[in-house]
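Colleague: Could you walk me through how to read the packing and contacts in a model like this one? I would like the general idea and then the case at hand.

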Amino acid sequence: MSTLHDNITRLAARHPDLAGSVTNAAGGVLTIEPARSGAPSARRAGRWIHSAYDPLREAQTWAAAHASACRPGETVVVAGVGLLYHVEALRRALSPEIELAVLVPDVDELQDALTARPIVDWCAQVHWLSGTAEDIAEQLRRSGRPLRCLSYVPAASANAEFHRVFEEALRRSLARQSGGQLTIALVGPIYGGSLPIARYVKRALETLGHTVQWIDHSVHAASYDVMSSLKDGRNRQVMQGRMANLLSQWTLASLAESPPDLVLSLAQAPLTLPMLEHLRKKKFLTAMWFVENYRHLTYWQQMAPGYEHWFVIQKDACLEAFRQAGARHVNYLPMAADPEVHRPLSLSEDERRLFGADLSFVGAGYANRRRLFPALLRHPWSFKLWGNEWEGAEDLRSVIQLNGARIDTATCMKVFNATTINLNLHSTTGEGLDPQADFVNPRTFELAACGAFQLVDHRSYLSECFTEREILSFRDFGDVPATVSQWLGDRAARQAMAHAARERVLAGHTYVHRMQDLLGQIGLSQPDRVGAILRGERQQEVLLTRCGDDQPLQALLKDCPSGQRIELKDVAARIRSKGPISALRREELMVLMLDEYRSETRDLA
Amino acid sequence: MRPESNREPRHLVIQLARLGDVVQTLPALDALRQAHPHRGLDLLCAAPLRAVAADSGLCDRVLPWDGSRWHAWATGWADHAGDMLREAEECIASLGALSYERVYTLNQHARSRLLAQLCADPIRRMADTETWEEQMRPWAQYLRQVARERGRNRIHLADAWCGMCGVRPQGRAPLCDPSAGNIPQDLAAIGEREGLWVALAVGAGETDRCVPTGMWSRWIQTFLSQRDDGHVVLIGSGQEREAGQAVLEGLPSLLQGHVWDCTGRTTLTQLMAVLRRCHWIVGADTGPLHVGTLVGVRALGFYFSRARVHETGPYGTGHWVYQSATTQQPNSWPVAESIALICDDRQSRSDDWTLWRSHMDEWGVWFDDGSASQASEATRAAMWQSLSPELCRSTAA
């Protein structure tokens, strides 16, 4: 009897279909070579996926590092097959109440593993998950157990796309099923482009039923602005730096007032690294949505270890750069639109005249725009330029509106709605189109959500967000005048495309969708904290079911409102409202005592 | 005879604060024992401080309170509410069959009040709560006012706690003779040799109350230059080891043979035994000063920042305190003056500092700087009359 045959027989006991597939697989994905310790090790495409010295010991170290975080009742899902050393070590390190499942994206790889070494008793204590990534995610969701995803990177990287799709499907399904209410402290910037996004995020989180404590630093903008008037650059920097520190401490003090489940910052939020480290020590969960081009704004390099979760609008090299800088969890989360704000408007004729044009652009006067836009002058169609920072652009003076004043969101929406073709050119510090044109700017989603027709410079991520039937793009700015002329003459085609783009945004690119994804991702990596809340495990009904025949606890929970998330502080508040403590029952006094210690646990002093 | 059984009426004092506060609770225990000789008397305090009260013999039992476990249960509530509640219940039950006739809460925070309710006789609880609180209220208000306004009060905290418990101070300082058997071997020589032994508390609970280590090095150097037979024992918690090391490094190596560094190396019981072997304790940290007085050592304190001699000066007779005139970190220190006091019993003032000596009378401890002792006594008597009129009447009768 061969090792492969024995292993397949063991596998067939619980997974006959998978065992059949492995039997018929070709194998040959892994190159098996003995390690120095004598145990078989393996390479894939020339790269070692287990230690060339001692794969057993390496796997034990990996398992020990992850096992301590796993909780009874969870299902731990491992990405990465290889020779399964890490799976065996993890199974042995975990208690029996923790289920272990392994993703099998490639049966050829599994056949190689089952050929190379015997899998014995632990095989029966592992769930082998095969099929499409979406089906596996759905199967796990239906199990109803808290999920914790681990990745054995050397083996998982060969099937990165499968794991990405799996994780996304899982995140989405967690977001869909979520019924719990989180308390989220949202830390906004003092000023700038991420400030309106903070407002959209706030509304989205509230739409999802979460409670948002907005720590709004925009109220300090005037003071910060006054410091900009200092002529001495060093003094200006020192003063603004001190103010940022002060606001960071203010954030901390605000968080201490009522500790949230999650502290979510938007780019430029004034939270310094020492403050973030302090929050981490106090077990606060922090996340940052960095809605900026990571190549242009680089302060993230110093801040990367500070946040527990980073969400960025770029992928690949960006994700790697954040990891290299010390980010523990970093995920891609593109921009979006807020349909409450970015929507079709009914405009009067006067408004259409004032805000409308054949071609319009709204935005600041970046170098590339100053260089390219003169080519849009002297055409048979009208062109208007809205926005600020156009000082010195003499050749564009005739088309700059409102003397280059900054325009507010309401005016911006009117321009979008009144314009026949909205030009959307991503900013860059160079003179032409962005040479590293990857992420899609918020303007793309906002225009689409307005049902406004737009012409956007091509981005490599654009096709993930919109099809060619939904968005019109260009790769060469020299093509723009002709494209504008062509589409100005086809109203029906413009309307069809704009309508399709709006439908697409409403279906998948709103801030509500983004926040679902963001929380789903955090929930996946924190199944016992945020994940548990999102799954509704802190709702009164679930708590009542869980407390079984514990009469005193049942009585305490029944006093609380149904359909609500109930935490210790809520039970305590209910008890306090009953009157003087001398009249309280013993278990009520005990709950109040626990609550006294709870309130001290995350004391930030 | 005091009752042995839990069924007999017992009283409980709750003191959840720090080391110095537990020591300063002992006069109240002493007075309660005298006032209610037929009642059992227990103290509930932080578990690590249990030894202070246990060795004093002023109460029958010391119930240890482990706040860290309550922290853990509070954190675990979200996932295991039932289990956490059960464990909390077991913790309370493990303290004994709690059904106290009276519970005195010396800390004015919610935790103390909740514990009082949990420990009180459930039948009497509702009826008596208001009566107890009524009696304690004037003193509680007085202490709050003192903390808030830092007024010209002259009633020591330990005596105010007597008032809260409805008893008059005994006019004597509690004394305790700790067991000597468990001092670490390498510290056993402390106090064995002839000479003047001074324990020096190098740190303080809060940063703004710490004396600079350079000042301590200078103090030791000056002291040892005047007393060939002088010995210094550095004391402090584990967090103060670095400070102890810095003090040592600031000394000439020839003098280091006269200095023992005990920082972070003793349990509370061992610290008490070490202090017992010294003649003086010097420092700015009130906790060790109080422990020193408890084991019969003379104390000399440098009080600044929020520390005030009249409220938390060393309890007993013959202790000294240099009180800084400002609440800021002092610019100069009474080094030569304090050493003259210890070595030659010579009193001398120092710029920016006033010198106070402790005395005991029927109202407890008081401090004088040689200027207005009669006025001070009259003030304290009037304060007692106003806060505990019935107690003063019954004592007079």
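Modeller: Happily! Let's begin with a helix pair: Y200(A), V201(A), A204(A), L205(A) and T207(A) of α9(A) meet Y511(A), V512(A) and M515(A) of α22(A). By class, this contact has seven nonpolar residues, one polar and no charged ones. Do keep in mind that the model is predicted.

Colleague: How do I describe the geometry of such a pair?

Modeller: Two numbers do the job: packed helices are described by the angle between their axes and the distance between those axes. Here α9 (residues 194–207) of chain A packs with α22(A) at an angle of about 70 degrees, and the axes are 8 Å apart. The two helices are therefore roughly perpendicular.

Colleague: Which helix gives the most to the largest nonpolar core?

Modeller: It is α22(A), spanning residues 511–525, with seven residues in that core. The core has 147 residues, and V78(A), V201(A) and F290(A) have the most contacts inside it. You have already met V201(A) in the contact of α9(A) with α22(A). As for F290(A), beyond its neighbours within four places in sequence it is in contact with A267(A), W300(A), W310(A), F311(A) and V312(A). Another core, of 132 residues, lies apart from the largest one, and L556(A), I566(A), C59(B) and W70(B) are among its members.

Colleague: That second list names both chains. How many residues of chain B are in contact with chain A?

Modeller: For an interface, take the counts, then the elements, then the classes. In this model 24 residues of chain B are in contact with 22 residues of chain A. On the chain B side, α3 (67–94), α4 (110–119) and α5 (122–149) each supply at least two residues. The largest share, 15 residues, comes from α3(B). By class, that side has 13 nonpolar, six polar and five charged residues.

Colleague: Now a single residue. Why does L589(A) count as buried?

Modeller: Counting C-beta neighbours settles that. L589(A) has 22 of them inside 10 Å, so it counts as buried; the cut-off is 20 or more. This leucine sits in α27 (residues 586–601) of chain A. Leaving out neighbours within four places in sequence, its contacts are I581(A) and L584(A) in its own chain, and L114(B), Q117(B) and L118(B) across in chain B. You can also compare sequence with space: I575(A) is 14 residues from L589(A) along the chain, with 8.6 Å between their C-alpha atoms.

Colleague: Where are the domains of chain B?

Modeller: Domain 1 covers 10–164 and domain 2 covers 185–361. Their C-alpha centres lie 30 Å apart, and 17 residues of domain 1 are in contact with 14 residues of domain 2. On the domain 1 side, α1 (19–35), α2 (50–54) and α6 (157–164) of chain B each give two or more residues. Of these, α1(B) gives the most, with five. The classes on that side are 10 nonpolar, four polar and three charged residues.

Colleague: Is helix α10 of chain B enclosed or open, and how would I tell?

Modeller: Apply the burial count residue by residue. All nine of the nine residues of α10(B), 286–294, are buried, so the helix is largely enclosed by the rest of the structure. Among them are P288(B), H290(B) and L294(B). After the helix comes G296(B), whose phi is positive, near 90 degrees.

Key: Residues numbered from 1 in each chain as written. Chains lettered and ligands numbered in written order. Predicted model: local features only at pLDDT ≥ 70, side-chain atom pairs only at ≥ 80, totals over all residues. Buried ≥ 20, exposed ≤ 12 C-beta atoms within 10 Å, placed from the backbone. Helix = DSSP H or I, 4+ residues; strand = E, 2+ residues; numbered from the N terminus. Contact = placed C-beta atoms within 7 Å. Domains from an automatic or database assignment. Nonpolar A, V, L, I, M, F, W, Y, C, P; charged D, E, K, R; others polar. Core = buried A, V, L, I, M, F, W, Y, C linked by C-beta atoms within 7 Å. Axes fitted to C-alpha atoms, helices over the stretch in contact; angles between N-to-C directions. Parallel < 35°, antiparallel > 145°, perpendicular 65-115°, else oblique.
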